[in-house]
Structures are given as C-alpha cells and as structure tokens.
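This report describes how a ligand is held in a protein and how the protein's nonpolar residues are grouped. Look through the sequence and the model before reading on.

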Amino acid sequence: MRVLVLGGDGYLGWPTAMHLSARGHEVAVVDNYLRRRLCRELDVEPLFEVPNLHDRVRLWEAISGHKVNLLIGDLIEWEFVVEVFSKFKPDAIIHYAEQPSAPYSMLNRRAATLTLQNNLLVTANVIFAVREFAPSAHIIKLGTMGEYGTPNIDIEEGWIDIQHKGRRERFLYPRQAGSLYHTTKIMDTDLLWFYVRMWNLAVTDLMQGPVYGLITEESTEDSRLLPFFNYDEIFGTVLNRFIVQAVAGYPLTVYGRGGQTRGYLNIKDTLSCVRLSLENPARKGELRIFNQFVETFSVKELAERVLKVGNSLGLGVRIQSVENPRKEAEEHYYNPEHTGLLEIGLKPHYLTDEIIAEMLEKVRLHQNAVQLHRICREVKWG
Ligand code: USQ
C-alpha cells in the first residue's frame, strides 16, 4: 500500500516508517520538526542525537534497499497538504502529527494554544485532504487511552451500549481527559466521527497507552536509526524515565502514592498494532476504535520492577515519592477492554525482567549524556 506517515520524525513515526517499508509498503514521511524545535526551546533534548530525516532516509535505503519518500513542511498549511496528497496519493494515512505531551500542554497559554491549534487543525486538514484527493484512503489516527480518564466502570473499546428508560443506543464511550493534550485527542475523535457520518470516511482510532522502549527490529543494524529517546518530564514517558533515572543514580520519581494505573506497551507492539490496523482496514463509514496496550501496571509497580532488575545489575536504584505535579487519581479502578488488536493478530511483547535489563544496558551506553536538570521541570497542573 501507499502509506503516508504524518509526524514521521517522532518517537513512533520514524520506527513506523521503517517497519512498514521493510514489509513492502511504499512509504512517505512528513514532518515539520516541531518536536525537535520544542525540545530545543525547553532544553529537554533526547538522550542521544538523532540524525535529521534526510540522513535517516539515506541511511535506511543504504541498509535495507528500501526507499522512503520525504516531505518536510507544516500540515497546518493547506498548500503544503495539497502538495503532499496530490503528489503521493495515499491508500492509507497514519496520523501521528500532533504535539504529544501532556505536561507540555499544561505549561502555559502559549503551549496550550499551540497544542490546540496544531492537533485540531492538522486533523481537520487531513480529513479535508482525504475527501478531496484520496476519498477511499483509510485514516489511522493515534488517539490515547487518556481520552477515557479513569472511570469507576470498565472501559470499552470506544463504543458503549446504553439502556435508558427502556430504549437502547450506542455511543462513543464517555470521555474525560486529565490534560489539555488528552482533551485535544478527544476533540480529534469527535471531528473524525462527525466526518465519518458526513462523508463516509474509513477511520481507525488507536487509543494508545504510554509506550516504552527504544529497540525495534529495523534499528538494530545502526544506532543512528534509533528513535528519539526523551527522559525529561515533558516528553519522556514514565518507564523510559525510570530506566534513565536508574542508570543515572537518580531516585525514581513516583508521583504521589503511585497507584495511577495505565495500559502499557512496548514500542515494538505499537508498530505491529499500526501495521495490523493498516492491513485489516476499517470499512467506509466506520469509526473503528481499538484500545492499544497489552498490560496494565501502577506507577509504583513499574518503579519496583525497575528497582529489582536495576539492583540485580548493581545499579543501586532508589525510589522516591515526589509531590504529584498533576491532578489525577492516585488510587482508582481501572479495567479497560483490549481484545480488538489481539483478534486481528497482535502477538504482544510483555514487560519481562529481560526487557527491562536490555533497556538498562542500552541506556547505560549513553550514561554520560544524561543531564540531571532535565529530569524534573515541575510543570504543575493546578
Ligand atoms: N508519572 C510518574 N512519574 C514520572 C512520570 C510520570 O509517576 O516521572 C506518572 C504520571 O503521573 C501518570 C503516569 O505516570 O500517572 C503516566 O505518565 P506518562 O508521562 O508516561 O504518560 P502521559 O503523560 O499520560 O502521556 C503518555 C504520552 C502520550 C500518550 C499517553 C497515553 O506522552 O502521548 O497519549 O502516554 S495514556 O497515559 O494512556 O493517556
């Protein structure tokens, strides 16, 4: 298939582009380097330098023999969107082109409006471009488990049947996010659902939990193909942060009581989930939703796992409960469904001690690059 990967420079975008191209899809990546710019502005750059997309595309072609097309530009600008869609004519679009950080969205007014503007306008432009240039294309949108919040009932995969005064109807599962970033993802889902009803689009919305890891099948040959690996408070996800903290001798930063439970997945499973969704598309006129994670952990459990494995490697890991900068439940019910992706063929990589050890060893190679001032930035929700 001809697949456009929007946000192809990011933590997940570049590994997805290589993964799909290795499996014979014709891939084009699009990015405006927003993530790099924000990291630089806030002094929270990743653990190791990542070559720009031109270099990575050349390197990937030299190693794999597969050519990835590249378009640099801002998908908020309609002229650029027209150029991308009319040139490439995609069969499917994988839409990662969003400001992905909850803490960033809570930083100040400017960060909040950038997040709103970028995330909503890019989604709207993608919808209009599909209608005009690729009306049969399948849109695969990265949503987030955070759209659901932490309700006191089971979380279904996107849709819930409600019985009310003797009648039944099917609705999108009620959503209540815990950050402005997560709220923009709810708005995206609503935009897509509206245009699925109006224009018969085919859409898959992947409600993804926090991702961890840095090793994918396609990046083993050359470390310059590894993804961005942020460990700072703004762009680092929690397990990646704990791994770097363990290596750097920094106490693992469990926020508050640490009972916050989320659904996690290895970056390798993100790639499989996206590819399986691509190869088993939604129907026209369907908004299909999968909950994209493979197992749940509380933050405290994650910290204890890293402590155990880290200490077996002689790292002297400590855990420290820090005042929670976020407004979130620290003890709560959490039971989300997640069978849809297993049914279309996902074979999960679970978080074993070996995987934790492998991440610790990989990060150890960059131990001297860790900048401790990046770990805590005290972005407060209140
Ligand atoms: N947490 C800590 N200590 C830390 C960092 C985080 O206790 O040092 C806690 C947070 O308070 C939260 C949990 O760990 O309860 C997960 O935090 P996170 O930073 O890994 O994840 P989050 O901000 O929710 O966002 C990440 C990605 C986002 C994605 C989301 C999925 O950045 O793009 O949508 O995970 S989910 O969490 O299911 O909404």
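## The ligand and its surroundings

The shell around the ligand is made up of 9 nonpolar, 8 polar and 4 charged residues. The model is a predicted one. There are 21 residues around the ligand, and those that come nearest are Thr 144, Tyr 181, Val 238, Thr 253 and Glu 328.

Three polar contacts of the ligand are listed below.

| Ligand atom | Protein partner | Distance |
|---|---|---|
| oxygen | N or O atom in the side chain of Tyr 181 | 2.7 Å |
| oxygen | N or O atom in the side chain of Arg 241 | 3.0 Å |
| oxygen | polar backbone atom of Tyr 255 | 3.0 Å |

Taken alone, the ligand exposes 740 Å², and 93% of that is buried by the protein. Helix H7 (180-199), helix H8 (238-248) and strand S10 (252-255) each give two or more residues to the shell. The largest share, 3 residues, comes from S10.

## The nonpolar cores

In soluble globular proteins, nonpolar side chains tend to be buried together. Here the largest nonpolar core has 39 residues. Those with the most contacts inside this core are Leu 4, Leu 6, Val 30, Leu 75, Phe 85, Ile 93 and Leu 201. Several elements give two or more residues to this core, among them strand S1 (2-6), strand S2 (26-31), helix H4 (78-88) and H7. Its largest share, 6 residues, comes from H6.

Leaving out residues up to four places away in sequence, Val 30 touches Leu 4, Leu 6, Leu 71, Leu 75 and Phe 80, among others. A second, separate core has 36 residues, including Phe 229, Val 306, Val 317 and Ala 357.

Terms used. Residues numbered from 1 in each chain as written. Predicted model: local features only at pLDDT ≥ 70, side-chain atom pairs only at ≥ 80, totals over all residues. Heavy atoms only, no water. Near = heavy atom within 4 Å. Polar contact = N/O pair within 3.5 Å; in protein donor to acceptor, adjacent residues only side chain to side chain. Areas by Shrake-Rupley, 256 points an atom, 1.4 Å probe, with all protein chains shown as cover. Helix = DSSP H or I, 4+ residues; strand = E, 2+ residues; numbered from the N terminus. Nonpolar A, V, L, I, M, F, W, Y, C, P; charged D, E, K, R; others polar. Core = buried A, V, L, I, M, F, W, Y, C linked by side-chain atoms within 4.5 Å. Buried < 20%, exposed > 50% of the residue type's maximum accessible area, 1.4 Å probe, protein only. Contact = heavy atoms within 4.5 Å.
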